Amino acid sequence: MATRAHNFFAGPAVLPVSVLEQTKNAVMDFADLGVSILEISHRDKKFEEVIRTAENDALEITGLSAQEYTVLFVGGGASTQFAMVPMNFLHKKADYINTGEWSSKAIKEAKLFGEVVEAASSKDKNFNYLPKNISFSPDADYVHITTNNTIFGTQWKTLPAVNAPLVADMSSDMFGIQREWNKYSLIYAGAQKNLGPSGVTMVVLKKAWLEKAKEKNPTMMKYKTHADAGSLYNTPPSFAVFVVGKTLQWIKGQGGLAAVQEKNEKKAKLLYDAIDGHGDFYKGSVADKADRSLMNVTWNLSTPELEEKFIGEAKKLKMLGLKGHRSVGGIRASIYNACPMESVELLVKFMEDFYKANK
Ligand SMILES: *Cc1c(COP(=O)(O)O)cnc(C)c1O
């Protein structure tokens with residue numbers, strides 16, 4: 001086997017080695033049953049245990065109670081949630097904060113189901129900041145926010161105060177930072193950034209709010225279907241749920257969110273310090289430093305050619321996935337929970353060497 005690369009891909013992305021090891025073993029034999037995790041019925045008791053444990057662990061990590069919240073595992077990616085949220089909860093009007101490409105896509109879908117108010121947007125500056133002093137509609141069914149903007153490298157550390165039910169796309173920072181979890185009515189996160197492999201989306205839903213969902217929707221598009229069936233209405237993405245379950249246990253083993261966040265802050269600081277240390281050469285792409293993401297660190301060099309050289313030389317040192325999103329270019333280092341400190345340290349060292357050779 002090749003030695004492990006330094007993985008800075010934005011998603012699917014790096015997973016803890018211990019999770020990969022456990023997954024490898026379960027692919028050959030799951031729970032001493034003589035079948036692979038890929039081969040077992042989702043109705044088998046041992047698999048049901050996997051899904052219930054994952055739900056409980058997600059609640060434990062957040063500190064939310066099972067009386068008030070339910071955790072779902074559904075297919076279709078976060079992009080399906082863009083439609084499912086308004087399909088279920090947009091009765092008349094919803095407020096959306098537009099902070100990037102993913103928010104924009106969520107808005108596009110919501111418009112199919114009702115009135116959408118863009119309560120705030122940072123589109124005027126190509127999403128390089130987070131809007132402040134937002135005024136919300138007094139009568140919105142909910143407010144939708146994207147907590148971490150994977151492409152543009154901004155992240156809400158604290159959220160604006162809202163009066164309506166709060167819905168969050170946390171795809172790229174779920175369980176990477178502590179949140180006031182009980183402020184949310186619905187959270188969704190495609191697993192492949194910070195929680196596991198692609199194929200499954202985690203939804204954390206306030207039970208009281210579920211009561212307000214619209215009844216007349218296709219069965220698979222109703223949260224109630226999945227909530228009533230414990231995410232086993234149909235075949236869930238069982239393999240992906242298994243890996244997410246192992247990742248949640250890994251998070252608990254790290255010491256929970258406080259410990260994970262502390263490590264993420266250290267990694268991000270190393271990288272932002274390296275950028276700012278040569279601010280004439282490396283240009284951080286987020287306007288206000290307070291808005292910078294702990295998960296996706298984005299910056300530019302003076303020309304696209306120099307950026308390409310940077311990415312190419314990094315690749316030779318086994319640092320992968322540093323190319324910025326195709327819509328913005330530049331450099332992006334995604335340093336999710338499972339990205340080891342050593343990978344960030346190596347990148348920072350390379351940045352120093354590259355600066356000296358090319359300034
Ligand atoms: C990646 C991403 C999505 C899209 O997720 P899919 O699972 O590919 O549909 C949505 N929102 C955010 C914030 C993302 O980072």
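**Paired strands, a covered helix and a ligand shell**

Modeller: Strand S8 (residues 166–169) and strand S9 (residues 184–190) pair in the parallel sense over 4 bridges. The model is predicted, and in it local features need pLDDT of at least 70, side-chain atom pairs count only at pLDDT 80 or more, and totals for chains, interfaces and linings use all residues. Residues are numbered from 1 along each chain as its sequence is written, while side-chain values use heavy atoms and leave out hydrogens and water.

Biologist: Why are S8 and S9 said to pair?

Modeller: Strands are DSSP runs of E with at least two residues, helices are runs of H or I with at least four, and both are numbered from the N terminus. Two strands pair if DSSP finds at least two bridges between them, and S8 and S9 have 4 bridges, so the requirement is met. Alanine 168 has isoleucine 187 as its bridge partner in S9.

Biologist: Which other strands join S8 and S9, and in what sense do they run?

Modeller: Strand S5 (residues 143–146) runs parallel to S8 and is joined to it by 4 bridges, with isoleucine 145 opposite alanine 168. On S9, 5 bridges lead to strand S10 (residues 201–206), which runs antiparallel to S9, and there tyrosine 188 stands opposite valine 203. Strands of a sheet pair through backbone hydrogen bonds, either parallel or antiparallel.

Biologist: What makes S9 a mostly covered strand?

Modeller: A residue is buried under 20% relative accessible area, exposed over 50% and partly exposed in between, with a 1.4 Å probe and protein chains only. In S9, 7 of its 7 residues are buried, so S9 counts as covered by that cut-off. In S8, Leu166 and Ala168 point one way and Val167 and Asp169 the other way, and all are buried.

Biologist: How do you know that the span of helix H7 (residues 238–254) agrees with its number of residues?

Modeller: The expected span is 1.5 Å times one less than the number of residues. For the 17 residues of H7 this should be 24 Å, and the end C-alpha atoms are 25 Å apart, so the two agree. H7 is also mostly covered, with 12 of its 17 residues buried, including Phe242, Lys246 and Trp250.

Biologist: Which residues come nearest to the ligand, and what makes a contact polar?

Modeller: A residue is near a molecule if one of its heavy atoms lies within 4 Å of it, and of the 13 residues around the ligand, Ser79, Thr150, Asp169, Gln192 and Lys193 come nearest. A polar contact is a pair of N or O atoms within 3.5 Å; within protein, one must be able to donate a hydrogen and the other to accept it, and residues adjacent in sequence count only if both atoms are side-chain atoms. A polar side-chain atom of threonine 150 lies 2.5 Å from an oxygen atom of the ligand, so this pair falls within the limit. An N or O atom in the side chain of aspartate 169 is 2.6 Å from a nitrogen atom of the ligand.
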